[in-house]
Amino acid sequence: MAEISFQDRVAVVTGAGRGLGKAYATELARRGAKVVVNDAGAEQDGRGGSASVAELVAKEIVAAGGEAVAHSEPIGTPAAGAGVVELALEHFGKVDIVINNAGVLRDKSLAKMPAEDFDLVLDVHLAGSFHVAQRAFAAMKEQGYGRMLFTASGAGLFGNFGQANYSAAKMGLVGLSSVVAIEGARHGITSNVIAPLARTRLTEDMPESMGPYAPEQIAPLSLYLVSEECTATHEVYTAGNGWFAQVFVGVAPGWSPGLGSYPSVEEVRDNMAAIRNQDGYQVLTDAAAILPLIERAGGRD
Ligand SMILES: NC(=O)c1ccc[n+]([C@@H]2O[C@H](COP(=O)([O-])OP(=O)(O)OC[C@H]3O[C@@H](n4cnc5c(N)ncnc54)[C@H](O)[C@@H]3O)[C@@H](O)[C@H]2O)c1
């Protein structure tokens, strides 16, 4: 079994000072990658910050014989997003891999969520990933190679009480990754999403009895998805405690009384069973791929 190597690859990992990001950065470096360790050293809710969190991980990597440089600016602005990629370019000459992983929580029920908490969580997760990805995409396009990974969550994919901001940001990242995958296809750039489940500072109330749920149990899939060998793109995966699976958005064959028709509310009501029937669903390659499906449902194909 050939080993997966990251020799001569340059990786940017955001939020790599703790938890999942640290596990990714450490294992990438152990397998030969030069790593930019970004971490603002923020509190769980995004407040505060300390440069030492990123610096410590970079030092640990170097002490273990690897190559790493720390970047401690908080992700979330265009300048910080460009800055972390430019540090990779200045220090290591290129960027091959981006793992957008930095994250914060500000949980509250919808009725009680201040607009400021909604904005902050979207800024860090969604806008932050966009700014890093946009700058990295330009560099990857030039070299005709790139691997991007975005971090979603079961909360975004399936919903979770008290996480309107976080869930919106996380599902937004699925859309962002899909576009990176589509636009990157002809430039050798792949993009995928991981929805992890691991015991970290964000999930510390997980009972011990559930099992290790260690970040190191997520890293094998995340690293495979950013390896040269992996050509999968435009996909979403989930993992936790030694379990791995693909998650997807599918569209059912649906119902139509005929293309161009104007069915009544009652006709729609009477056909809800057919509209809701998930048998024979498809996973589409892009938004335009829905058109042949509509034609088929309307009997024109
Ligand atoms: N742990 C889980 O079960 C779980 C589940 C779903 C999704 N996630 C996602 O995985 C990612 C990693 O989370 P984790 O569980 O390892 O949490 P963590 O708190 O251990 O690590 C997140 C790191 O991001 C850093 N950070 C926060 N805001 C930042 C910013 N603006 N710029 C740079 N760094 C910043 C923090 O300082 C922290 O070190 C997050 O995106 C999180 O939403 C985690």
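The following exercises, with worked solutions, concern a predicted model of a protein chain with a bound ligand.

**Exercise 1.** Determine whether the radius of gyration of the protein chain agrees with that of a compact globule.

*Solution.* Begin with the chain length, which is 301 residues. A compact globule with that number of residues would have a radius of gyration near 19 Å. The protein chain has 21 Å, which agrees. For the extents, take the principal axes: the C-alpha atoms fill a box of roughly 70 × 45 × 40 Å. Finally, with buried meaning under 20% relative accessible area, 45% of the residues fall in that class.

**Exercise 2.** Describe how the protein chain is divided into domains and which secondary structure elements it contains.

*Solution.* Domain 1 spans 10–247, and domain 2 spans 250–301. Their C-alpha centres are separated by 36 Å. The chain contains ten helices and eight strands.

**Exercise 3.** Characterise the shell of residues around the ligand and identify polar atoms that lie close to ligand oxygen atoms, using a cut-off of 3.5 Å.

*Solution.* First, establish the composition: 14 residues of the shell are nonpolar, eleven are polar and four are charged. Second, locate the nearest of the 29 residues, namely Asp39, Ile75, Asn101, Tyr166 and Thr200. Third, assign secondary structure: α1 (19–30), α4 (115–143) and α6 (164–184) each contribute at least two residues. Fourth, examine the pairs that involve an oxygen atom of the ligand. A backbone N or O atom of Ala198 is found at 2.8 Å, a polar side-chain atom of Arg18 at 2.9 Å, and a polar backbone atom of Gly41 at 3.5 Å. Last, consider the cover: on its own the ligand has 830 Å² of accessible area, of which the protein covers 97%.

Definitions and conventions. Residues numbered from 1 in each chain as written. Predicted model: local features only at pLDDT ≥ 70, side-chain atom pairs only at ≥ 80, totals over all residues. Heavy atoms only, no water. Near = heavy atom within 4 Å. Polar contact = N/O pair within 3.5 Å; in protein donor to acceptor, adjacent residues only side chain to side chain. Areas by Shrake-Rupley, 256 points an atom, 1.4 Å probe, with all protein chains shown as cover. Helix = DSSP H or I, 4+ residues; strand = E, 2+ residues; numbered from the N terminus. Nonpolar A, V, L, I, M, F, W, Y, C, P; charged D, E, K, R; others polar. Domains from an automatic or database assignment. Rg over C-alpha atoms; globule rule 2.2 N^0.38 Å. Buried < 20%, exposed > 50% of the residue type's maximum accessible area, 1.4 Å probe, protein only.
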